[in-house]
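This report covers strand pairing and charged side-chain contacts. The sequence and structure come before the discussion.

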Amino acid sequence: CPSLAVKELGRGASVANLTDLTRTESGRLFAVDRLNADVRRYRLMQSDDEGVTWTETPVPAGFEAQRIATRGQRVVVAAPKVAAILSSADGGKTFTLDPVDAYAGKDLTVSSVHVSADGVVTMGAECNYLFHRRERLP
């Protein structure tokens, strides 16, 4: 398409398959890197140079990223299954783990995540489930 500029992101071995690309208000890029070598693994990656270089974002042990949403400086990351979200109010410098207890164990796959302007988090999942975080993010 002649009206689109094309840029290759993350050359080399630092990333495998970048998906769910999004940008914070300050310009930091976030993406999920899906490694499919021996075990399926989802890493949260970030870039401060328009995707030339990527670094893995430190997350709590065992957390894997599936879907990402940003609004202003808020960053919300959903796990592959409805179990927990990571949230940040400082553009992804620090994250807080927020378990989703109500439906843990139902093994529902997350299909989308959204954060509203006032900090309400919504996740969509298979089988027509919709989850809301009751409290607004800071």
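A salt bridge is taken here as a side-chain nitrogen of Lys or Arg within 4 Å of a carboxyl oxygen of Asp or Glu. By that criterion, D48 and R28 form a salt bridge through their side chains, with an N to O distance of 2.8 Å. The two residues belong to distant parts of the chain, 20 residues apart: D48 sits in the loop between β3 and β4, and R28 in the loop between β1 and β2. D48 is exposed, at a relative accessible area of 59%, whereas R28 counts as buried at 14%. The model is predicted.

**Sheets**

One open sheet is built from four strands in the order β1-β2-β3-β4, with antiparallel pairing. Its edge strands, β1 (18-23) and β4 (55-56), each pair on one side only. Four bridges hold β1 against strand β2 (residues 29-35) in the antiparallel sense. L18 has D33 of β2 as its bridge partner.

Another open sheet, also of four strands, has the order β5-β6-β7-β8 and antiparallel pairing. Here the edge strands are β5 (67-71) and β8 (96-99), each paired on one side only. From one strand to the next, the twist averages 20 degrees. Strand β7 (residues 84-88) and β8 run antiparallel and are joined by four bridges. The bridge partner of S87 in β8 is T96.

**Salt bridges**

The structure holds five salt bridges. Three of them are listed below with their N to O distances.

| Acidic residue | Basic residue | N to O distance |
|---|---|---|
| E50 | R23 | 2.9 Å |
| D48 | R28 | 2.8 Å |
| D33 | R43 | 2.4 Å |

What does the salt bridge between E50 and R23 tie together? E50 lies in the loop between β3 (41-47) and β4, and R23 in strand β1, so the pair connects parts that are 27 residues apart in sequence. E50 is partly exposed at 41% relative accessibility, and R23 is likewise partly exposed, with a relative accessible area of 41%.

D33, the bridge partner of L18, also forms a salt bridge with R43. Because D33 lies in strand β2 and R43 in strand β3, this pair ties together parts that are 10 residues apart in sequence. Are these two residues buried or exposed? D33 counts as buried at 0% relative accessibility, and R43 is buried with a relative accessible area of 12%. Salt bridges with shared partners join D33, R43 and E56 into one network.

Technical notes:
Residues are numbered from 1 along each chain as its sequence is written. This is a predicted model: local features need pLDDT of at least 70, side-chain atom pairs count only at pLDDT 80 or more; totals for chains, interfaces and linings use all residues. Side-chain values use heavy atoms; hydrogens and water are left out. Two strands pair if DSSP finds at least two bridges between them. Axes are lines fitted to C-alpha atoms, for helices over the stretch in contact, and angles run from 0 to 180 degrees between N-to-C directions. Buried means under 20% relative accessible area, exposed over 50%, partly exposed in between (1.4 Å probe, protein chains only).
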